[in-house]
Amino acid sequence: CFECCIKCLGGIPYASLIATILLYAGVALFCGCGHEALSGTVNILQTYFEMTRAAGDVIDVFTMIDIFKYVIYGVAAAFFVYGILLMVEGFFTTGAIKDLYGDFKITTCGRCVSAWFIMLTYIFMLAWLGVTAFTSLPVYMYFNLWTICRNATIVDGANLCLDLRQYGIVTIGEEKKVCTTSESFIKMCDSNELNMTFHLFIVALAGAGAAVIAMVHYLMVLSANWAYVKDACRMQKYEDIKSKEEQELHDIHSTRSKERLNAYT
């Protein structure tokens, strides 16, 4: 039992396991906190900025938020499956199968799958870099809002305003702004909802950064696996050529021995 446990532990691809855990943690933080932060943003816009959903098929900020929520659902499902696939690839590339089931052959399909995973992971890494940059925008917006609230409490009589038009949330023709002198602004700064939404976006940004690190980690693991598969393929060809030459030498030696025996007879 002890030897079996040691053999199983030795066949676990720990590098892929660490990258998978980091990927799941980052995606979970990004999707969960991002979804709740978007919901909090809707409540803030409706409560304190007095914004309403546009009637009909007009694309407004609320429609965009709903689209982002559906994108989050897709990202969570897609990378859950992708993490499992990369983990399975790590198991097949290690020597676990060879140790448990005997020698195995490195096929061309296996090399193509490893190369495909490297290319796909590189594309996903670039995509997560874009997601991280995009997630930093609401963090910047909420940081400005939090700074205005803080300055309004420190400086007495300061008349500071936040206009949503400068962030592109509303069109130029609409004027949706709140100032420090208004009652809605004071309620918004005193509410726990603003602070919670701000920190949720920060955690979502950290989750996107963790996903980027996981993709980089996966690239290193997949590159090492590709090098291992390539060397194993070369070693396999060398062993096949060597065994073939040894068989030919053995056949020649057997033929000469028979000829000598016939000549002697």
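In the predicted model, C31 has a relative accessibility of 9% and therefore counts as buried, the cut-off for that class being under 20%. C31 takes part in no disulfide. The nearest cysteine sulfur to that of C31 belongs to C33 and lies 9.8 Å away. C33 is likewise classed as buried, because its relative accessible area of 14% falls under the 20% limit. A disulfide requires two cysteine sulfur atoms within 2.5 Å, so the 9.8 Å between the sulfur of C33 and that of C31, the closest cysteine sulfur to it, is too far for a bond.

By the same distance rule, the model contains one disulfide. This bond joins C149 to C189, with an S to S distance of 2.0 Å. The two cysteines are 40 residues apart and link distant parts of the chain, C149 being in helix α5 and C189 in helix α6, which covers residues 183-190. The torsion about the S-S bond is about -70 degrees, so the disulfide is left-handed. The two partners fall into separate accessibility classes: C149, at 9% relative accessibility, counts as buried, whereas C189, at 23%, counts as partly exposed. The value for C189 is not under 20% and not over 50%, which means that the intermediate class applies.

The chain as a whole has seven helices and two strands. Read from the N terminus, the order of elements is α-α-α-α-α-β-β-α-α, with the two strands therefore placed between α5 and α6. Of the 265 residues in the chain, 33% are buried.

The largest nonpolar core comprises 49 residues. Those that touch the most other members are L23, F49, F79, W128 and M188. At least two residues of this core are supplied by each of α2, α3, α5, α6 and α7. The largest share, 13 residues, comes from α7.

The largest pocket encloses about 880 Å³ of space and is lined by 32 residues. The lining residues closest to the pocket centre are L38, F68, F134, P138 and F201. Two or more lining residues come from each of α2 (14-47), α3 (61-93), α5 (108-154) and α7 (192-264). Helix α5 gives the largest share of the lining, with ten residues. By class, 28 of the lining residues are nonpolar and four are polar, while no charged residue is present.

An unreviewed UniProt entry lists residues 12-30, 70-92, 113-137 and 200-228 under "transmembrane region". Two of these spans were examined in the model. Residues 12-30 are 89% helix and 0% strand, and the C-alpha atoms at the ends of this span lie 28 Å apart. Residues 70-92 are 100% helix and 0% strand, with 34 Å between the end C-alpha atoms.

Terms used: Residues are numbered from 1 along each chain as its sequence is written. This is a predicted model: local features need pLDDT of at least 70, side-chain atom pairs count only at pLDDT 80 or more; totals for chains, interfaces and linings use all residues. Side-chain values use heavy atoms; hydrogens and water are left out. On a 1 Å grid over the protein atoms alone, a cavity is a set of points where a 1.4 Å probe fits but cannot get out, and a pocket is an open set with protein on both sides within 12 Å along at least five of seven lines; lining residues have an atom within 4 Å of a point. Grid points are joined across faces, edges and corners, and a volume is the space filled by probe spheres set on the points. Helices (H or I, at least four residues) and strands (E, at least two) are DSSP runs, numbered from the N terminus. Ala, Val, Leu, Ile, Met, Phe, Trp, Tyr, Cys and Pro count as nonpolar, Asp, Glu, Lys and Arg as charged, and the others, Gly among them, as polar. UniProt positions are given in the numbering used here, feature names are shortened, and annotations may be inferred rather than shown by experiment. Buried means under 20% relative accessible area, exposed over 50%, partly exposed in between (1.4 Å probe, protein chains only). A nonpolar core is a set of buried Ala, Val, Leu, Ile, Met, Phe, Trp, Tyr and Cys residues joined through side-chain atoms within 4.5 Å.
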